[in-house]
Amino acid sequence: MKIKQLVTIIALIGITSNTALAGGKHDDEHKKPEAKEEGHGDHEHDGEGSPVGKPAKASHATRTIKVVTKDNMRYEFSDELNLKAGEIVKFVVTNEGKIAHEFSVGDAEEQKSHQAMMAKMPNMTHEDGNTVTVKPGQTKELTWKFTGGADVVFACNIPGHFQAGMFKKASVEGAAAEKAIKDIIAGIKYGWENGDGTPFRKNFLDFKGARYIESGGQNPGLDSLVNHHVEPEKDAFEYMNLDFSNIEIHFEGGEDSQFAWALADSRFKAKAKKSGKKYDKSGYQTFLFRKIGDEWKVVHTHSSSRDYRPAKHSH
């Protein structure tokens, strides 16, 4: 995506309140429902997730990899993995063997835990967001959005299969950069909630012409943002809670990218000390990042919000 397209996105999305910047199926039949995305728009649902990512919709996949399971306890991948942080891959898994196999995505600890569970219940079959069990002749799909934090392990955890070599390890390019950006967003959340400008001064690039846009207004420069907005709100509110969810991080290029942007759903809840008025707003937040040396810096934010309206559920 080029900068022109990004400008269009920024014009349409972004959260703060007007007073604050914002943002398997088993043999015992306890089947988990198909992963659904929550929140606003088409963001993937963060949920608790895994250190290596989360389930995603097949329609959002940017790449498809075919996987064949064989009774020699090996996987055959149709393409080099070359996984990238933020990438959504649809795996089409076909069992060409005569016995059942699993295809599971996780980190080493998750697979170890899965193996221990399977050892106690060897006839268990999975239909979870991160695992499919494929019987002989069957083809199933698993779509996964990769993040960072740990190396990925693809594994079959049917007793004896992993031990016989039915697994594949892979690293995720850009995982460290994605983690660094998520850490910055977490620091921004802390700063707003505690009226502490330190995370902003540390992680924002202070330059002439910087603007931080919020619902109905803007802060022209880092000093304006911190001195007139972030720090005074500690005394203005009895409490403040700011949540960023469904965070999507995109990089302009590959591992050596110098530009990135993050989109998030946000929820802002607070109570004013003087009036006792309560705020509950939701909306969108956009962060633009540029890599300066070895560090990522926020160069622009854009947010919008409206009164929170719970989603209606039909029964």
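This section describes the fold, nonpolar cores, aromatic pairs and salt bridges of a predicted model.

The protein chain contains 315 residues, of which 47% are buried. Its secondary structure consists of six helices and 18 strands. The accessible surface of the chain amounts to about 16400 Å², and carbon and sulfur atoms account for 49% of that area.

The largest nonpolar core comprises 32 residues. Within this core, Ile-188, Phe-200 and Phe-289 have the most contacts. Two or more core residues are contributed by each of α3, α5 (222-230), β15 (237-251), β16 (259-272), β17 and β18. Strand β15 provides the largest share, with seven residues. When residues up to four places away in sequence are left aside, Ile-188 is in contact with Pro-199, Phe-200, Phe-204, Phe-244, Phe-287 and Val-298. A second core, separate from the one just described, has 28 residues, among them Val-67, Met-73, Phe-103 and Met-166.

Aromatic pairs number 20 across the whole structure. One of them is formed by Phe-244 and Phe-287, whose ring centres are 5.6 Å apart; their planes meet at 80°, so the arrangement is edge-to-face. This pair connects distant parts of the chain, since Phe-244 belongs to strand β15 and Phe-287 to strand β17, with their positions 43 residues apart in sequence. Both Phe-244 and Phe-287 are buried, and both are also among the residues touched by Ile-188. Elsewhere, ring pairs join Tyr-75, Phe-77, Phe-91, Phe-103, Phe-146 and Phe-154 into a cluster. Of these residues, Phe-103 is also included in the second nonpolar core. A contact between a charge and a ring is found at Tyr-308, where the charged end of Arg-267 sits over the ring at 3.4 Å from its centre.

The surroundings of Gln-111 were examined individually. This residue lies in helix α2 (residues 108-120). With a relative accessible area of 2%, Gln-111 falls under the 20% limit and is therefore buried. Beyond residues up to four places away in sequence, Gln-111 touches Ser-104, Val-105, Gly-106, Val-153, Phe-154, Ala-155 and Asn-157. One of these contacts, Phe-154, is also a member of the aromatic cluster. Gln-111 and Val-152 are 41 residues apart in sequence, and their C-alpha atoms are 9.9 Å apart in space.

Twelve salt bridges are counted in the model. In one of them, the side chains of Asp-79 and Arg-63 meet with an N to O distance of 3.4 Å. Asp-79 is placed in the loop between β3 (74-77) and β4 (83-84), whereas Arg-63 is in strand β2 (residues 63-70); the pair therefore ties together parts that are 16 residues apart in sequence. The two partners fall into separate classes of accessibility: Asp-79 is partly exposed, with a relative accessible area of 39%, while Arg-63 is buried, at 17%.

A second salt bridge lies within a single helix. The side chains of Asp-183 and Lys-179 meet at 3.1 Å, N to O. Asp-183 and Lys-179 are four residues apart in helix α3 (residues 175-194), a separation of about one helical turn. Asp-183 is partly exposed, with a relative accessible area of 45%, and Lys-179 is likewise partly exposed, at 47%. Helix α3 is also one of the elements that give two or more residues to the largest nonpolar core.

A further salt bridge joins the side chains of Asp-307 and Lys-281, with an N to O distance of 2.9 Å. Asp-307 lies in strand β18 (residues 295-307) and Lys-281 in strand β17 (residues 278-292), so this pair ties together parts that are 26 residues apart in sequence. Asp-307 is exposed, with a relative accessible area of 52%, whereas Lys-281 counts as buried at 12% relative accessibility. Salt bridges with shared partners also join Arg-63, Asp-79 and Glu-87 into one network.

Notes. Residues are numbered from 1 along each chain as its sequence is written. This is a predicted model: local features need pLDDT of at least 70, side-chain atom pairs count only at pLDDT 80 or more; totals for chains, interfaces and linings use all residues. Side-chain values use heavy atoms; hydrogens and water are left out. A salt bridge is a side-chain nitrogen of Lys or Arg within 4 Å of a carboxyl oxygen of Asp or Glu. Buried means under 20% relative accessible area, exposed over 50%, partly exposed in between (1.4 Å probe, protein chains only). Accessible areas come from the Shrake-Rupley method with a 1.4 Å probe; for residues, only the protein chains shown count as cover. A nonpolar core is a set of buried Ala, Val, Leu, Ile, Met, Phe, Trp, Tyr and Cys residues joined through side-chain atoms within 4.5 Å. Contact means heavy atoms within 4.5 Å. Rings of Phe, Tyr and Trp (its six-membered ring) pair if their centres lie within 6.5 Å; planes under 30 degrees apart count as stacked, over 60 as edge-to-face and the rest as tilted. A charge sits over a ring if NZ of Lys or CZ of Arg is within 6 Å of the ring centre and within 35 degrees of the ring normal.
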